[in-house]
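Trainee: Please take me through one part of this protein in close detail. Start with the whole, then settle on a single element and follow its links outward.

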Amino acid sequence: MFLEIVTPEQIVFSAEVNSVAVPGINGEFQMLNSHAPVISLLTKGKVKIDANLNEATSKILSKNTEDNRWIFNIKGGVIEVNNNKVIVLAD
């Protein structure tokens, strides 16, 4: 599936990923390929990305050595999932 993380200033991440987990207002939830459509509010926390990314990406993402996922910290936002595309509008 394709993931975009957008802030008010710019698109900070745009790539194919295996899965993404986000901090929803009712707890963390994860999307995999062919996930049902979703629109949800997000709270402060970590967007956890499972993907084969190169080290150049590490300028905006950090690597979590515990579960080998890439991390992007957000203060809140909104997520939309539809047709294997995930858009995170992050604060």
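**Strand 1 and its surroundings**

Mentor: In this predicted model, the protein exposes about 5400 Å², and carbon and sulfur atoms supply 47% of that area. Of the 91 residues, 42% are buried. There are 0 helices and 10 strands. The pattern along the sequence is therefore β-β-β-β-β-β-β-β-β-β, with each strand counted as a DSSP run. Take the contacts between residues at least 6 apart in sequence: 52% of them join residues at least 24 apart.

Now the close look, at strand 1. Strand 1 spans residues 2-6. Of its 5 residues, 4 are buried, so the strand is mostly covered, buried meaning under 20% relative accessible area.

Strand 1 has a partner in strand 2, residues 11-16. The two run antiparallel and share 5 bridges. A hairpin of 4 residues makes the connection between strand 1 and strand 2. Valine 6 faces isoleucine 11 of strand 2 across this pairing.

Strand 1 also pairs with strand 10. Here the sense is parallel, again with 5 bridges. Isoleucine 5 has valine 88 of strand 10 as its bridge partner.

Stay with strand 10, which covers residues 85-90. Alanine 90 belongs to this strand. Its relative accessible area is 3%, so alanine 90 is buried. Which residues does alanine 90 touch, leaving aside those up to four places away in sequence? The contacts are Ile5, Val6, Thr7, Pro8, Phe72, Ile74, Gly76 and Gly77. Two of these, Ile5 and Val6, bring us back to the residues that bridge from strand 1: isoleucine 5 to valine 88, and valine 6 to isoleucine 11. Alanine 90 and valine 78 are 12 residues apart in sequence, yet their C-alpha atoms lie 6.6 Å apart.

Just before strand 10 comes a loop from strand 9 (77-82), and asparagine 84 sits in that loop. Asparagine 84 has a positive phi, near 60 degrees, and is not a glycine. Most residues other than glycine have a negative phi. The relative accessibility of asparagine 84 is 30%, so this residue counts as partly exposed. Serine 34 is another non-glycine with a positive phi, about 65 degrees. Serine 34 lies in the loop between strand 4 and strand 5 (38-42). With a relative accessible area of 60%, serine 34 is exposed.

Valine 78 leads to the surface. Together with Ile25, Ile39, Leu41 and Leu89, Val78 forms a nonpolar patch with about 470 Å² of accessible area. Isoleucine 25 of that patch comes from the loop between strand 3 (19-24) and strand 4 (27-32).

Finish with charge. Side chains of opposite charge can pair when their charged atoms come close. The whole structure holds 1 salt bridge. Lysine 48 forms this bridge with glutamate 28, and the closest N and O atoms are 3.2 Å apart. Lysine 48 lies in strand 6 and glutamate 28 in strand 4, so the pair ties together parts 20 residues apart in sequence. Strand 6 itself runs over residues 45-50. Beyond residues up to four places away in sequence, lysine 48 touches Ser19, Val20, Ala21, Glu28, Arg69, Trp70 and Ile71.

Definitions and conventions
Residues are numbered from 1 along each chain as its sequence is written. This is a predicted model: local features need pLDDT of at least 70, side-chain atom pairs count only at pLDDT 80 or more; totals for chains, interfaces and linings use all residues. Side-chain values use heavy atoms; hydrogens and water are left out. Patches are made of residues with over 30% relative accessible area and no salt bridge: like charges are joined within 9 Å, nonpolar side chains (Val, Leu, Ile, Met, Phe, Trp, Tyr) within 5 Å. Accessible areas come from the Shrake-Rupley method with a 1.4 Å probe; for residues, only the protein chains shown count as cover. A salt bridge is a side-chain nitrogen of Lys or Arg within 4 Å of a carboxyl oxygen of Asp or Glu. Buried means under 20% relative accessible area, exposed over 50%, partly exposed in between (1.4 Å probe, protein chains only). Contact means heavy atoms within 4.5 Å. Two strands pair if DSSP finds at least two bridges between them.
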